[in-house]
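Visitor: I would like a close look at one part of this protein and at what lies around it. Could you take me through it slowly, as I am new to reading structures?

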Amino acid sequence: MTFFQSKKRNLLFCFMLFCFSAHAQIPDSLQTKQEEESVKYPQLQIKGLFQARYLVGMNKDVDVNGLHHEDGSGTNNNFMVKYMRIQVRAKISKRTEVVALANLADFKNDPKSRVLENAYLKYTFNPKLAFTVGQFRPWFGIEETYPIDIIKSLDWSNQYTEFGKLGWTSFQIGLSATGQLELGKIPFQYAISVVNGNGKNQVNDNDDGKQYSTRLVFGLLKKYNLNLGLNGGIGEVFGKKIYAVGVDLSSLVNFDSKWSLDMQLEGKQATNHPLYFAVAPELRPTNPDEYLIRGAYFLPNLRYEVNHKNLSAFELSCRYEYIDTNFRLNSNPRQTITPMVGLEFLKNYGARIQLGVQFDRYKHQVANTNQYNNNLFIVQVQSRF
């Protein structure tokens, strides 16, 4: 009898333990649901960037915009406000966000096709798939993956600027699908985009053609943050077929807790269709690929974490660029070297000062044009908020 009473007590104890365990698990899931339901939408986030420069032309016959003046005229020094950006990000549900970015500094120019930069809606199914629609920066290289305020040099590369004119980079209107996957043990990112290809703030596309591009990024060595990017695109402009290709490598090597080296290497080639259509129809060749642009750059950036109350970090970089906007028919390559020193006063580039010199060299100098050798000294200050 005692044996059965003992068994009975053990069974009762096990049953109670089971019920307690089940009861402990149920509130966890309910609590998670309640926490999700307790989040109120929309959630607004406002950010901004102020960036200003002082420019000094070191060649008397070339102004601060790089334009040669045979008569020696032109402005050789200038204060300018480059960016006064305001960004509003509204998370309207767990998966949906709307982003607007405007550069108020563009009001100093004709703002008709400027000012508004980002204006898009992004819906994220999961880390493997997200859709972006509106005006955004389609991924087609390293520089599209970060904003101007954390750039490692004084400005975007010449290559980025030129490919923006071609409709592959910078702000474009269209649709994009992005995501992160794994190929075995290799992390993998992708982006597939279709855009009008005629720039930002356009009411309509200027023709029925569209530009289709893709970017694939493979994480090769986690220890050195080594990534390989492959870019490709095809499209149609006024009935003519165009293309663009590119390859890039990026790496971040942390030597210790203070020293690190960030490196970027990128090369691209594409049809220069704006140059092709600028030629009189009777003088154009049938194939627009007779007009080709090719560019490459290498950017190493050495960083030292100071972590002082008045100085967060010190950076030293030197970017080398090569760009030829018409290398097949009328080659005149431009080489640019930009050594730069940066002082970061608040973390995450919250406040910094940059000093640099931009050395431009052309194979053939053309008087009274921008294709002329130039040296430009730049002091740049910025603050993120």
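Guide: Here is a walk that begins at one helix and then follows the contacts, charges and rings of the structure. Please keep in mind that this is a predicted model.

Let us start at helix H2, which runs over residues 158–165. Six of its eight residues are buried, so the helix is mostly covered. The buried ones are Asn158, Gln159, Tyr160, Glu162, Phe163 and Gly164. What lies over them? The cover includes strand E6 (172–183), strand E10 (240–254) and strand E11 (259–271). Strands E12, E13 (313–324) and E14 (334–346) also belong to that cover. Just after H2 comes Gly167, with a positive phi of about 95°.

Next, look at two rings on either side of this helix in the chain. The rings of Phe140 and Trp168 have centres 5.7 Å apart and planes at 25°, so this pair counts as stacked. Phe140 sits in the loop between E5 and H2, while Trp168 sits in the loop between H2 and E6. The two residues are 28 places apart, and their pair links distant parts of the chain. Are these residues buried or exposed? Phe140 is buried, at 0% relative accessibility, and Trp168 is buried too, at 1%.

One of the strands that cover H2 is E12, and it deserves a stop of its own. Strand E12 spans residues 292–305 and contains Asn301. With 2% relative accessibility, Asn301 counts as buried. Which residues does Asn301 touch beyond its neighbours within four places in sequence? Its contacts are Lys152, Ser260, Leu261, Asp262, Glu315, Leu316 and Ser317. With Glu315 there is also a polar contact from side chain to side chain, at 3.4 Å.

Now for the charged side chains. Side chains of opposite charge can pair when their charged atoms come close. In the whole structure, 18 salt bridges are found. One of them joins Arg85 and Glu117, whose closest N and O atoms are 2.6 Å apart. Arg85 belongs to strand E2 (residues 77–91) and Glu117 to strand E4, so their bridge ties together parts 32 residues apart in sequence. Arg85 is buried at 9% relative accessibility, and Glu117 is buried at 3%. Glu117 also meets Lys200 in a salt bridge, with 3.8 Å from N to O. Lys200 lies in the loop between strand E7 (186–195) and strand E8 (211–221), so this bridge to Glu117 in E4 ties together parts 83 residues apart in sequence. Lys200 has a relative accessible area of 19%, so it counts as buried, for which the cut-off is under 20%.

Another salt bridge brings together the side chains of Glu236 and Lys241, at 3.0 Å from N to O. Here Glu236 is partly exposed, at 30% relative accessibility, and Lys241 is exposed, at 58%. Salt bridges with shared partners also build a network of Arg303, Glu305, Glu315, Glu344 and Arg352. Glu315 may sound familiar: its side chain is the one in polar contact with Asn301.

Let us return to aromatic rings. The structure holds twelve aromatic pairs. Among them is the pair of Tyr54 and Phe79, which is tilted, with 4.5 Å from centre to centre and 35° between the planes. Tyr54 is in strand E1 (residues 43–57) and Phe79 in strand E2, 25 residues apart, so to speak a link between distant parts of the chain. Tyr54 is partly exposed at 27% relative accessibility, whereas Phe79 is exposed, with 67%. Ring pairs also link Phe238, Tyr276, Phe277 and Tyr291 into a cluster.

Finally, let us visit the surface. Ile92, Val98, Leu121, Phe125, Phe131, Val133 and Leu175 form a nonpolar patch there, with about 530 Å² of accessible area together. Strand E4 (116–126) and strand E5 (129–136) are the elements that give two or more residues to this patch. Leu121 lies in E4 and is partly exposed, at 33% relative accessibility. In the loop between strand E3 (96–103) and E4 you can find Lys112, which is exposed, with a relative accessible area of 70%. The C-alpha atoms of Lys112 and Asn77 are separated by 27 Å, and the two residues are 35 apart along the chain.

Conventions. Residues are numbered from 1 along each chain as its sequence is written. This is a predicted model: local features need pLDDT of at least 70, side-chain atom pairs count only at pLDDT 80 or more; totals for chains, interfaces and linings use all residues. Side-chain values use heavy atoms; hydrogens and water are left out. Patches are made of residues with over 30% relative accessible area and no salt bridge: like charges are joined within 9 Å, nonpolar side chains (Val, Leu, Ile, Met, Phe, Trp, Tyr) within 5 Å. Accessible areas come from the Shrake-Rupley method with a 1.4 Å probe; for residues, only the protein chains shown count as cover. A salt bridge is a side-chain nitrogen of Lys or Arg within 4 Å of a carboxyl oxygen of Asp or Glu. Helices (H or I, at least four residues) and strands (E, at least two) are DSSP runs, numbered from the N terminus. Buried means under 20% relative accessible area, exposed over 50%, partly exposed in between (1.4 Å probe, protein chains only). A polar contact is a pair of N or O atoms within 3.5 Å; within protein, one must be able to donate a hydrogen and the other to accept it, and residues adjacent in sequence count only if both atoms are side-chain atoms. Contact means heavy atoms within 4.5 Å. Rings of Phe, Tyr and Trp (its six-membered ring) pair if their centres lie within 6.5 Å; planes under 30 degrees apart count as stacked, over 60 as edge-to-face and the rest as tilted.
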